[in-house]
Amino acid sequence: MSTTTTTFEQFAKENHHPFFNYKQMYRAYINCRKAKRNKSSALAFEVNLEENLLALVNELLGRRYRPATSICFYTEKPKRREIFAADFRDRVVHHLIYNHIAPRWERVFIHHSYACRPEKGTHRAVLNLQKMLRTVTNNSKRRAYYLKLDIRNFFMSIDRRVLFRVLMNKCSSPDMRWLLRVVVFHEPTQDYRLQDKYQLRHGLPPHKSLFNAAEHCGLAIGNLTSQFFANVYLNELDQFVKHRLKCRYYARYVDDMLMLSLSRQELQHYEAQVREFAAEKLSLQLNGGSRRDGLVAGGVDFVGFIVRPDYMLARRRTLGNLKQKIRKMQSQLVRQRGQNTFYKFDFALQQKYLATLNSYLGHLRYGRCYKALNRIWLSNPFLEMYFRFEGGKVTDRFRALRRGRLTLRRQVQLLHRLFLDEVCIIQVGCFFEIFGKKVIELSQALRLQPLSDWRGWSHACGFHQRLLGAMVVKLVSQRISVIVVRQTGKESAFAKERLPTLLIQPRRRTEPMINRKGV
């Protein structure tokens, strides 16, 4: 410990670089690990955090830094893409670059550029677009038109030589210029590790792959620098549209551009000028197949919403994706076997889907989707077994049990309240016990000796854990719903934590079979 401290103090005294220093590197690391701290690459880096950060600083000061091996994988949502994920140490360097150059570029970017910027994003984009629609139509009192354009094969068409030249306009430090050159002209296709379990790369169009990009062209999708550099690259086009064409109503999200006007002819003029500027100055071409224009009153499709002056609607594709997530959750947690329905309780998986559902709700609350969400919830009754839908958000049905500091008696009371029609078989050490008034009837069916005044309950019965399977089969054969509650291993000063693990519901004769597909 003393050796490491001495090394660090000596390093800090000998190096006074304005941004290649330990303080800036640690700040970049903190930004980089957000929402990724449990990833294996982040954990491996954190094991020797101080040494790794010092090594990075030393490599940058000596200009020995070179990007490590990237991971190449493929996704299907929202469309099939090729992703190059940089190594964690390289992502720390990306944040170091961003922290240094982003404030300078933020002063240059136009207000209505919304991608990869603080306090921007898709929701701010549609809210501001709605204000534009109200202004240009004078609160729907006059006719207005929109024109939506995007760049053909944008990330694969970016000329890195042009990008580097643009970046140099706002960078005077020789060291940062050197680092930008290393990052901009790095070829991840020459050093990568492929992860493509489902062979998705074979269905990717050739022009969408970085492997087929022209020389000196293409940015790897998946890195912070790629997103920010895309903003820098198209800032030239933004400035042209706002200051040369004098287009008052203009917004951009990545390569999706939207222009509003009272005249359709004026929009056509804008389109011709934008096409010419993009080709001559940026070596980009507009995507004719994605071009959209029309009356504002019919709604403007932009960043996931259909925006009108007075309200917004979410795309059907977004609701379809939510239904698909729910179907996947049902297939993982619910099983139908014969006459019985089995509900599995996997709390790690439930927390993952809880975050997913709330993420969709947070996105969809900007559109008029309440009735659609309510229909989705009602058509998937299995969700009530795991979550509660209230106040516009989804909550964990078992959060009271997970708070801890609950005595065994309080746990049993909560379980009886959550499962009114089920028999709760609760683990207590090596035994499973049943509490409450139902014991009188169940003890005869299970051939168990009922106990009185047991653990503070007037009626109780129990059996060894070896007999759990046989007892559950007996109850289910008599069409009695059963919930098995096990100890998790966590404990407090009051009692051990107990959570449901399996619920079995026999199908009554009047009940239909559960719909596995959900919606």
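D293 is partly exposed in this predicted model, with a relative accessible area of 33%. Its salt-bridge partner is R291, and the closest N and O atoms of the two are 3.3 Å apart. R291 is likewise partly exposed, because its relative accessible area of 27% lies between the limits of 20% and 50%. Both residues belong to a network of salt bridges that also includes R264, E271 and R275. The points below treat the salt bridges, then the strands, a surface patch and a helix.

**Salt bridges**

- The model contains 17 salt bridges.
- Side chains of opposite charge can pair when their charged atoms come close.
- One of these pairs joins R117 to E106, with 2.9 Å between the closest N and O atoms. R117 lies in the loop between α5 (88-106) and α6 (122-136), whereas E106 is in helix α5, so the salt bridge ties together parts that are 11 residues apart in sequence.
- The two members of that pair fall into separate classes of exposure: R117 is buried, at a relative accessible area of 12%, while E106 is partly exposed, at 23%.
- A further salt bridge is formed by the side chains of E433 and R455, at 2.9 Å from N to O. This pair links distant parts of the chain, 22 residues apart: E433 belongs to strand β16, and R455 to the loop between α17 (439-446) and β17 (460-464).
- E433 counts as buried because its relative accessibility is 6%, under the 20% limit. R455, in contrast, is partly exposed, with a relative accessible area of 41%.

**Strand β15 and its neighbours**

- Strand β15 covers residues 423-428, and 6 of its 6 residues are buried.
- Both faces of β15 are covered. One side carries V423, I425 and Q427, and the other carries C424, I426 and V428.
- β15 runs parallel to strand β18 (residues 482-491), to which 4 bridges join it. Within β18, V484 stands opposite I425 of β15.
- β15 also pairs with strand β16 (residues 431-435), here in the antiparallel sense and over 3 bridges. F432 of β16 stands opposite Q427 of β15.
- The hairpin of β15 and β16 has 2 residues between the strands, and G429 takes a positive phi near 70° in this hairpin.
- The salt bridge of E433 with R455, described above, connects this part of the structure to the loop before β17, since E433 is in β16.

**Strand β1 and its neighbours**

- The side chains of strand β1 (residues 70-75) alternate between two faces. S70, C72 and Y74 point to one face and are buried, whereas I71, F73 and T75 point to the other and are not.
- β1 runs parallel to β4, and 4 bridges join the two strands. Y192 of β4 is the bridge partner of S70.
- β1 pairs in the antiparallel sense with strand β2 (residues 81-85) over 5 bridges. F73 of β1 has I83 of β2 as its bridge partner.
- The connection between β1 and β2 is a hairpin of 5 residues.

**A nonpolar surface patch**

- Y192, the residue bridged to S70, lies in strand β4, which spans residues 192-195.
- Together with L194 and F211, Y192 forms a nonpolar patch on the surface. The accessible area of the three residues together is about 250 Å².
- Y192 is partly exposed, at a relative accessible area of 34%. This value meets the requirement of over 30% for membership of a patch, so Y192 can be part of one.

**Helix α4**

- Helix α4 has 13 residues, numbered 49-61. From its first C-alpha to its last the helix reaches 18 Å, close to the 18 Å expected at 1.5 Å a residue.
- The buried residues of α4 are L49, L53, L54, L56, V57, E59 and L60.
- R63 follows the helix and has a positive phi, near 55°.

Key:
Residues are numbered from 1 along each chain as its sequence is written. This is a predicted model: local features need pLDDT of at least 70, side-chain atom pairs count only at pLDDT 80 or more; totals for chains, interfaces and linings use all residues. Side-chain values use heavy atoms; hydrogens and water are left out. The expected span of a helix is 1.5 Å times one less than its number of residues. Buried means under 20% relative accessible area, exposed over 50%, partly exposed in between (1.4 Å probe, protein chains only). Patches are made of residues with over 30% relative accessible area and no salt bridge: like charges are joined within 9 Å, nonpolar side chains (Val, Leu, Ile, Met, Phe, Trp, Tyr) within 5 Å. Accessible areas come from the Shrake-Rupley method with a 1.4 Å probe; for residues, only the protein chains shown count as cover. A salt bridge is a side-chain nitrogen of Lys or Arg within 4 Å of a carboxyl oxygen of Asp or Glu. Two strands pair if DSSP finds at least two bridges between them.
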